[in-house]
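Reader: I'm new to protein structures, and the aromatic rings and their surroundings look like a good place to start. Could you take me through that part slowly?

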Amino acid sequence: MRNFCALFKVTLKNTFGVTETGKKKTFLQKLFPIFLLVAIAPTIASFYFLTGDAIALLKPIQQTGVIIGLLLTMLSTLIFFLAIFLIPAVFYFSKDVETLLSLPLKASTILSAKLAVSMIYEYITILAIGIPVVLAYIVNVQPPLGFYPLLILTILLLPVVPLIMSGLLVMAVMALIPKARNRDLFNYISGFISLGFAVGINMVVGNMATISADEMVQLLIQGNNSFLAIFGYLVPSVPFAAKAVVNLSLVDFAISVLIAIGAYLLFLLIAELAYFKAAVGVNETGANRRKLNGKAYLSSTQGADPIWTYTLKELKLMIRTPIYLLNNISTVILIPAILVGTLMTTAGQQDELITLIQSIDWNAPGMFAYVLTAGVAIGLFMTSLNLITVTAISREGTRLFFMKYIPMSYNAQIQAKVNSGLIVSVLGILFMTVPFGVVFSIPWIQIVLAIVMALLASVFLNYFGMIVDMIHPKLIWEQEAVPVKQNINAVFTMLPGMGLPVAAFLVLNWLKNDTLFLVVLVVLLVGLDLASIIATRKIATSAIEKLS
Amino acid sequence: MIDISHVSKTYSGKVKAVSDLSLSMQPGEIIGFIGPNGAGKTTTIKMMTGILKADEGTITLNGIDIAKEPLEAKHQFGFVPDNPDLFLRLKGIEYLNFMADIYGVSASDRRARIERYGTLFEMSSALGDKILSYSHGMRQKIVLMGVLIHEPSIWILDEPLTGLDPQSAFALKEIMREQAAAGKTVFFSTHVLDVAERLCTKVAIINKGTILYYGTLDELKAVHPGKTLETIFLEVTSHA
């Protein structure tokens with residue numbers, strides 16, 4: 001127990017305190033919680049009001065308990081899936097594993113401490129989703145006093161079983177499949193699965209009409225929260241936990257606690273049997289250690305222009321770092337694919353909106369300007385989505401010093417970084433505009449002009465992102481995810497990303513003349529492009545020199 | 001040739017890391033930069049390489065001021081940082097080509113040098129793999145090769161022997177001697193006094209940001225007869 005407590009304390013500090021540098025927080029860093037709150041406030045509010053509306057419908061038929069059942073089911077399912085990716089990262093691929101393996105600690109002690117830290121992570125998820133729902137439930141249902149302690153205890157226990165289920169699954173995979181012990185491979189696979197999962201959820205939610213009307217009526221007639229029965233519980237403790245909270249049943253609560261204890265004991269047993277076996281075989285990436293053959297060697301040693309070689313270096317590092325591939329690159333293919341895919345499926349279902357769009361006469365007066373505005377919006381959207389330039393300096397981290405000692409001007413290096421952003425943005429713009437243009441039968445000249453507008457808008461946003469990151473980079477991090485996923489800079493590119501299309505739309509309504517609008521738009525975008533390019537060149541040297 | 005003249009550096013306006021430091025290094029010399037932890041070695045090296053700006057004083061490399069003509073000055077030297085974890089997701093061969101492109105090395109020269117140093121450091125079979133898969137010593141070797149590929153006239157190395165296996169450490173020391181014999185200047189920081197004693201034509205001892213001694217080992221030993229470099233180093237730094 002002493003070992004567990006010591007290990008838990010250290011792991012917790014290591015996990016949540018890595019970005020504490022002892023430096024004073026900048027003004028922007030101080031503002032970060034406010035930005036965050038503003039960003040998630042609409043989601044939290046919508047959870048609250050949605051729950052309130054649902055309760056208003058469920059109250060007359062005495063089915064309000066369904067809210068708690070749904071919440072617990074949703075949270076435990078979410079925890080289970082999130083943990084499939086969290087557990088390998090924390091149990092096997094975190095940097096402290098090598099040190100822990102050399103200490104005289106039992107596998108069950110190490111994993112208990114790591115499980116406890118993972119639970120802290122999950123509580124954050126639970127709080128973000130759970131608080132607005134529970135608050136709406138309390139305000140609208142006004143449950144008896146006994147509800148509160150049971151709810152708190154249930155929520156505290158909630159992550160145990162889904163986390164352990166994921167833990168057991170991951171330990172089995174790691175022990176039985178040696179290839180899974182490659183950190184990079186794991187990150188690629190888990191990243192794409194989680195994206196697929198997100199897309200899947202989207203589709204399932206969109207087509208959620210699985211319960212027949214008869215079944216629904218039957219369940220509702222039964223009253224007394226029997227609606228809870230409709231949830232197919234993935235996690236075995238959840239039905240009991242839900243009944244315990246809704247019906248204030250201590251027996252059900254005791255059963256859910258017993259299930260959690262049983263799962264933990266099984267977890268300890270499997271940890272002792274399987275953990276060390278796989279953990280000692282973990283590696284960062286694959287390697288062949290084969291001498292390059294003559295042809296590959298010759299082709300790889302061709303000289304190239306320094307800016308181009310630097311651009312390629314940027315792209316290669318992004319493509320080969322799983323977290324950057326997912327956040328910076330894959331979006332340019334996935335988002336258009338998802339949107340176009342959804343469009344194709346709904347197009348087949350005679351969706352009203354699609355039918356309406358397909359019936360548009362693209363040659364009608366005014367349409368041309370709308371297509372161009374859409375081009376601007378797509379250019380900005382696909383650029384702000386890839387986060388490449390706005391995190392280009394941040395991704396250097398402590399390696400930034402390399403930029404300072406090589407004989408290449410800061411302007412040239414910054415240009416190479418912008419190039420990498422431009423290349424990915426162009427791909428995104430093409431993947432987005434061409435299929436949409438074809439599906440909606442937009443005349444090719446309008447498509448081409450929309451692409452030109454998108455490119456002009458993208459140039460501006462790429463340089464703008466670069467300026468933001470040069471002035472305010474996030475350089476201190478240990479996990480590669482931090483500079484792209486916990487970087488406030490991304491917000492700054494979203495502002496012009498959203499503002500410019502609105503401005504274009506306003507100008508369009510004001511001018512009411514296609515040709516004039518085209519001229520104004522081009523002048524505006526070229527002006528913004530030139531301004532951002534000049535500003536980037538002006539500040540590059542002084543901004544990079546200031547960084548340490 | 002490296003000339004450091006009255007250079008000072010203070011961090012956050014409070015901590016004086018380097019104070020009025022002057023050193024002059026000639027072609028053909030191997031200079032060992034020794035001092036305890038936190039003495040100012042890395043700060044000095046960072047100023048020499050343009051990573052940090054000196055608050056006062058000038059640093060010239062082959063007569064070119066690093067503050068006034070940074071790009072030209074950076075073409076003069078090759079730098080091996082103390083942490084070799086650079087571009088871990090590039091393959092070894094890609095990193096070498098990247099460095100060769102940055103320094104404008106021709107295709108034929110880079111091939112010949114990759115061949116030679118790959119064999120010397122036993123890295124030929126690892127060049128097709130990502131640097132991430134390398135051990136610490138291998139990462140150190142690929143960074144060294146990244147410097148050797150452009151054959152700079154000045155070498156600046158921060159703790160270059162850390163993590164190298166005996167064969168590679170021997171090979172590196174031989175290359176340092178070879179470069180010095182060819183008229184190049186080799187400047188390196190180290191904690192290994194034995195290496196400094198065997199390899200260097202001159203040593204610079206630094207403590208608390210100030211140079212305590214700069215000259216040949218023979219001159220140093222003449223002032224402290226019958227003592228080893230280790231004893232002399234401990235005496236000199238403890239009296240600072």
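Author: Sure, and let's start with the wider setting. Among the contacts in chain A with a separation of 6 or more, 84% are between residues 24 or more positions apart; a contact here means heavy atoms within 4.5 Å. You're looking at a predicted model, where local features need pLDDT of at least 70, side-chain atom pairs count only at pLDDT 80 or more, totals for chains, interfaces and linings use all residues, and side-chain values use heavy atoms, with hydrogens and water left out. Residues are numbered from 1 along each chain as its sequence is written, while chains are lettered from A and ligands numbered from 1 in the order in which they are written.

How sure is the predictor? Its confidence in each residue is called pLDDT and runs from 0 to 100. Chain A averages 82, with 85% of its residues scoring at least 70. Helix α17 (residues 401-405) of chain A has the highest confidence in the chain, at 95, and helix α9 (residues 213-222) of chain A the lowest, at a mean of 53. Over residues 205-213 of chain A, pLDDT stays under 50, and the model has two contacts beyond four places in sequence for them. Where pLDDT is low, the predicted coordinates should not be read in detail.

Chain A has 22 helices and zero strands. In these counts, helices (H or I, at least four residues) and strands (E, at least two) are DSSP runs, numbered from the N terminus. Of the chain's 548 residues, 45% count as buried. Buried means under 20% relative accessible area, exposed over 50%, and partly exposed in between (1.4 Å probe, protein chains only).

Now for the rings. Those of Phe, Tyr and Trp (its six-membered ring) pair if their centres lie within 6.5 Å; planes under 30 degrees apart count as stacked, over 60 as edge-to-face and the rest as tilted. That rule gives 20 aromatic pairs over all chains. One of them joins A:F80 and A:F81: their planes meet at 75° with the centres 5.2 Å apart, so this pair is edge-to-face. A:F80 is buried, since its relative accessible area is 10%, whereas A:F81 is partly exposed at 27%.

For a tilted example, hop over to chain B. The planes of B:F33 and B:F187 are at 45° and the ring centres 5.0 Å apart, so they count as tilted. Because B:F33 is in strand β3 (residues 30-34) of chain B and B:F187 in strand β8 (residues 185-190) of chain B, the pair ties together parts that are 154 residues apart in sequence. Both B:F33 and B:F187 are buried.

Next comes a bigger group: A:Y310, A:F401, A:F402, A:Y405, B:F79, B:F87, B:Y95 and B:F98 form one aromatic cluster. One of its rings also has a charge over it: the charged end of A:K313 sits 4.2 Å from the ring centre of A:Y310. For that label, NZ of Lys or CZ of Arg must be within 6 Å of the ring centre and within 35 degrees of the ring normal. A:R395 does something similar, lying over the face of A:Y324 at 5.7 Å from the ring centre.

Stay with the cluster member B:F87 for a moment. It is touched by A:R399, whose other contacts, leaving out residues up to four places away in sequence, are A:L317, B:D85 and B:L86. You'll find A:R399 in the loop between α16 (367-386) and α17 of chain A. It counts as buried because its relative accessibility is 18%.

One more ring residue reaches chain B. A:Y297 belongs to helix α12 (residues 294-300) of chain A and is buried, as its relative accessible area is 12%. Setting aside neighbours within four places in sequence, A:Y297 is in contact with A:L292, B:I93, B:R111, B:I114 and B:E115.

Finally, β3 and β8, the strands of the tilted pair, turn up again as part of what covers the buried residues of α6(B). Those buried residues are B:S168, B:A169, B:A171, B:L172, B:I175, B:M176, B:Q179 and B:A180. Just after α6(B), B:G183 takes a positive phi of about 90°.

Definitions and conventions
pLDDT is the predictor's confidence in each residue, from 0 to 100.
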